[in-house]
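The exercises below ask the reader to work from the coordinates towards a description of burial, helix faces and a pocket. Each task is followed by a solution that goes step by step.

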Amino acid sequence: MDRSIRPLVIVASFAVSLLVGLLIMLWALGGLRTVTAPAAIGGPFQLTDQAGQTVTDKDLKGRPTLIFFGFTHCPDVCPTALFEISEVLKAMGKDADRVNAFFVSVDPERDTAAAMKDYLSSFDPHLKGLTGNPEAVAKVLSAYRVYSKKVPLKDGDYTMDHTALIYLMDRDGRFVSPFNLKRTPQEAATDLKKYL
């Protein structure tokens, strides 16, 4: 090998080895997986709305969707989030007809379709309450990576700890991001209209 080329071959070999080592290390630490893989939030489900109608993941297709997980006996977080979603839907005007908005129960024991109907009567009529048997609810909670846990109270009753964010899904039913309600309803409505 020519003496003038030999240092270039050594440097090139070192650079290639360094690059391969870096790629292996990124892959081993999960760096490449998190860069290339889409968010694994969402999936097939079948629940019942407050009118007794079946709703599935296919009903998310064709419209952007806001999904909030909670329960009807929630003292503060759930009614506040549903009020804020209602204000965004109101700010959308007629465009609210082109959006799905779901309140999914994390407490199927108490949240029957009738309980959901009564509870949601205080909020925007575009909001649909979804519930089902414990297995169907557990499946959707798992698909959406929702934490929920029954917490006993001193009086023998219970409350529910749960994930309290609003999921924004696109027109294809794919997760976009948590939906930010820490702004005016008009700003949030303008943002949501981008997905119509």
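In these exercises a residue is called buried when its relative accessible area is under 20%, exposed when that area is over 50%, and partly exposed in between. The model is a predicted one.

**Exercise 1. Describe the chain as a whole: how many helices and strands does it have, and what percentage of its residues count as buried?**

Solution. Begin with the secondary structure, which comprises six helices and nine strands. Next apply the burial cut-off to the 196 residues of the chain, of which 37% count as buried. Finally, take the contacts with a separation of 6 or more, and note that 70% of them are accounted for by residues 24 or more positions apart.

**Exercise 2. Determine how the buried and exposed residues of helix α5 are arranged around its axis.**

Solution. First list the buried residues of α5, a helix that runs over residues 134-143: they are A136, V137, V140, L141 and A143. Viewed down the axis of α5, these buried residues fall within an arc of 165°, so they line one face of the helix. Then turn to the other side of α5, where E135 and K139 are exposed. Last, ask what the buried residues pack against: their partners are the strands β1 (46-49), β3 (65-70), β4 (100-105), β5 (127-131) and β6 (148-152).

**Exercise 3. Examine R145: where is it found, is it buried or exposed, and what is the sign of its phi?**

Solution. R145 is found in the loop between α5 and β6. Its relative accessibility is 52%, and because the exposed class begins over 50%, R145 counts as exposed. Its phi is near 55°, a positive value in a residue other than glycine. As background to that value, most residues other than glycine have a negative phi.

**Exercise 4. Check the length of helix α3 and find on which sides its buried residues lie.**

Solution. At 1.5 Å a residue, the 16 residues of α3 should span 22 Å, and the C-alpha atoms at its ends are 23 Å apart, which agrees. The buried residues of α3 are C78, A81, L82, I85, S86, V88, L89 and M92. These cover an arc of only 160° around the axis, which puts them on the same side of α3. Beyond the helix comes G93, whose phi is positive, near 65°.

**Exercise 5. Compare the surroundings of two buried residues, S86 and T56.**

Solution. S86, which lies in helix α3, is buried with a relative accessible area of 7%. Not counting residues up to four places away in sequence, S86 touches F123, D124 and L127. With F123, which is 37 residues away along the chain, the C-alpha separation is 6.0 Å. T56 belongs to strand β2 (residues 54-56), and its relative accessibility of 19% counts as buried because the cut-off is under 20%. Leaving aside neighbours within four places in sequence, T56 is in contact with F45 and Q46.

**Exercise 6. Characterise the largest pocket by its volume, its lining and the helix that gives the largest share of that lining.**

Solution. The space in the largest pocket is about 200 Å³. Its lining is made of 13 residues, of which E84, A164, I166, L181 and K182 lie nearest the centre. Sorted by character, the lining residues divide into nine nonpolar, two polar and two charged. Helix α3 (residues 77-92) gives the largest share of the lining, namely four residues.

Terms used
Residues numbered from 1 in each chain as written. Predicted model: local features only at pLDDT ≥ 70, side-chain atom pairs only at ≥ 80, totals over all residues. Heavy atoms only, no water. 1 Å grid on protein atoms, 1.4 Å probe; cavity = no way out; pocket = protein on both sides within 12 Å on 5 of 7 lines; lining within 4 Å. Points joined across faces, edges and corners; volume = space filled by probe spheres on them. Helix = DSSP H or I, 4+ residues; strand = E, 2+ residues; numbered from the N terminus. Nonpolar A, V, L, I, M, F, W, Y, C, P; charged D, E, K, R; others polar. Expected span 1.5 Å × (residues − 1). Buried < 20%, exposed > 50% of the residue type's maximum accessible area, 1.4 Å probe, protein only. Arc of directions from axis to C-beta. Contact = heavy atoms within 4.5 Å.
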